[in-house]
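User: Could you take a close look at one helix for me, and at what surrounds it? I would like the cut-offs spelled out along the way.

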Amino acid sequence: MQENFIEIYKKIGNSIRNKRKEKGLTQQQLADKDSKLDRAKISDIENGKEDFHFFTLLKICEALDMDIKDVFIDKK
């Protein structure tokens with residue numbers, strides 16, 4: 001992962017974590033919503049450690065019933 005993008009990845013991860021918790025889901029429950037997702041990948045994404053494909057982001061947003069633009073808004 002490029003150093004200059006780390007803060008963006010962290011912001012995306014925080015948004016995903018917040019939405020997942022808002023929906024009352026564990027990482028495993030979120031992963032179970034799509035066969036292309038797994039709990040470890042979700043954990044890495046939420047912690048800003050994963051350089052993920054855009055497709056993965058779209059699948060997570062779909063599983064969370066989340067608009068893609070909302071992942072760029074960190075509501076802490």
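**A close look at one helix and its surroundings**

Analyst: Happy to, and let us begin with a neighbouring helix: alanine 31 lies in helix α2, residues 27-31, where helices are DSSP runs of H or I with at least four residues, numbered from the N terminus. This is a predicted model, in which local features need pLDDT of at least 70 and side-chain atom pairs count only at pLDDT 80 or more, while totals for chains, interfaces and linings use all residues. Residues are numbered from 1 along each chain as its sequence is written, and side-chain values use heavy atoms, with hydrogens and water left out.

Alanine 31 has a relative accessible area of 4%, so it counts as buried (under 20% relative accessible area; exposed is over 50%, partly exposed in between, with a 1.4 Å probe and protein chains only). Not counting residues up to four places away in sequence, alanine 31 touches Leu37, Asp38, Arg39 and Ile42; contact here means heavy atoms within 4.5 Å. Alanine 31 and lysine 59 are 28 residues apart in sequence, and their C-alpha atoms are 9.9 Å apart in space.

Now to the helix itself. Helix α1 covers residues 6-22, and its 17 residues should span 24 Å at 1.5 Å a residue; the end C-alpha atoms are 24 Å apart, which agrees. The expected span is 1.5 Å times one less than the number of residues. Among the buried residues of α1 are Ile6, Tyr9, Ile12, Gly13 and Ile16. The buried residues of this helix pack against α2, α3 (39-46) and α4.

Arginine 20 also belongs to α1, and it counts as buried because its relative accessibility is 7%. Leaving aside neighbours within four places in sequence, arginine 20 is in contact with Leu25, Thr26, Gln27, Leu30, Glu46 and Leu64. Just after α1, glycine 24 takes a positive phi of about 75°.

What about the surface? Phenylalanine 72 sits in the segment after α4 (54-63) and is partly exposed, with a relative accessible area of 44%. Together with Phe5 and Ile8, Phe72 forms a nonpolar surface patch with about 280 Å² of accessible area. Such patches join nonpolar side chains (Val, Leu, Ile, Met, Phe, Trp, Tyr) within 5 Å, using residues with over 30% relative accessible area and no salt bridge; like charges are joined within 9 Å. A salt bridge is a side-chain nitrogen of Lys or Arg within 4 Å of a carboxyl oxygen of Asp or Glu, and accessible areas come from the Shrake-Rupley method with a 1.4 Å probe, where for residues only the protein chains shown count as cover.

Methods. Helix = DSSP H or I, 4+ residues; strand = E, 2+ residues; numbered from the N terminus.
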